[in-house]
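Got the viewer open? Let's walk through this one stop by stop, with something to select at each.

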Amino acid sequence: MWPFGPSRRQSQTPAGKPSRVPPDGQLGPRGEKLACRYLRRAGMKILARNYRCPAGEADILALDRIGAEQVLVFVEVKTRSGRRYTEPESAVNAAKQRKLRGIANYYLAAHQARVLAVRFDVVAIVIPPGGKPDIRHIPGAFE
């Protein structure tokens, strides 16, 4: 055991028992999987995960239907193991927003999909050690 309390891989529950925290590198993919499941249940169709292009990477591309209109949704997923410092969605700053806009422009041009409306969503997930994930979907988080 780490001499200064719990290690990064093992934290303590309120009862003092060790709980599982996803190993480094697994928290983000777990959050993306949870986000996809959540979005599907909300009626969205997942088009791609980890869409990569010269402009960067988008976590999820989805199709949402609002009335008769289809909306192409670029989703940024932010997953944290706690809210100790800030809420996960606060990491989607102006630079990240610019990057996602560039990815959207590239996608629309490459797929000749200019007729679709576009929306930028954020899915913020907090997975506390030993607890149930808290998922918040923020549609139209920015323009």
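Start by coloring by pLDDT: this is a predicted model, and the chain averages 84, with 81% of the residues scoring at least 70. Now pick out the two extremes. Strand 3 has the highest confidence in the chain, at 97, while strand 1 (residues 10–12) has the lowest, at a mean of 37. Widen that second selection to residues 1–21, where pLDDT stays under 50 and the model has 27 contacts beyond four places in sequence.

Next, head for the largest nonpolar core, which has 16 residues. Select Phe 74 and Ile 103, the two that touch the most other members. To see what feeds this core, show strand 3 (45–53), strand 4 (56–66), strand 5 (69–80), helix 2 (94–110) and strand 6 (117–126); each supplies at least two residues. Helix 2 gives the largest share, five residues.

Stay on Ile 103 for a moment. What is it in contact with, leaving aside neighbours within four places in sequence? Light up Tyr 51, Cys 53, Ala 55, Gly 56, Glu 57, Ala 58 and Phe 74.

Then jump to a second core, separate from that one and made of 15 residues; Leu 34, Met 44, Val 71 and Val 75 are among them.

Last stop: the second largest pocket, with a volume of about 150 Å³. Select Leu 27, then Thr 79, Arg 80, Ser 81, Gly 82, Arg 83, Arg 84 and Tyr 85 to display its lining. Color by class and you get two nonpolar, three polar and three charged residues there.

Terms used. Residues numbered from 1 in each chain as written. Predicted model: local features only at pLDDT ≥ 70, side-chain atom pairs only at ≥ 80, totals over all residues. Heavy atoms only, no water. Core = buried A, V, L, I, M, F, W, Y, C linked by side-chain atoms within 4.5 Å. Buried < 20%, exposed > 50% of the residue type's maximum accessible area, 1.4 Å probe, protein only. Helix = DSSP H or I, 4+ residues; strand = E, 2+ residues; numbered from the N terminus. Contact = heavy atoms within 4.5 Å. 1 Å grid on protein atoms, 1.4 Å probe; cavity = no way out; pocket = protein on both sides within 12 Å on 5 of 7 lines; lining within 4 Å. Points joined across faces, edges and corners; volume = space filled by probe spheres on them. Nonpolar A, V, L, I, M, F, W, Y, C, P; charged D, E, K, R; others polar. pLDDT = per-residue confidence, 0-100.
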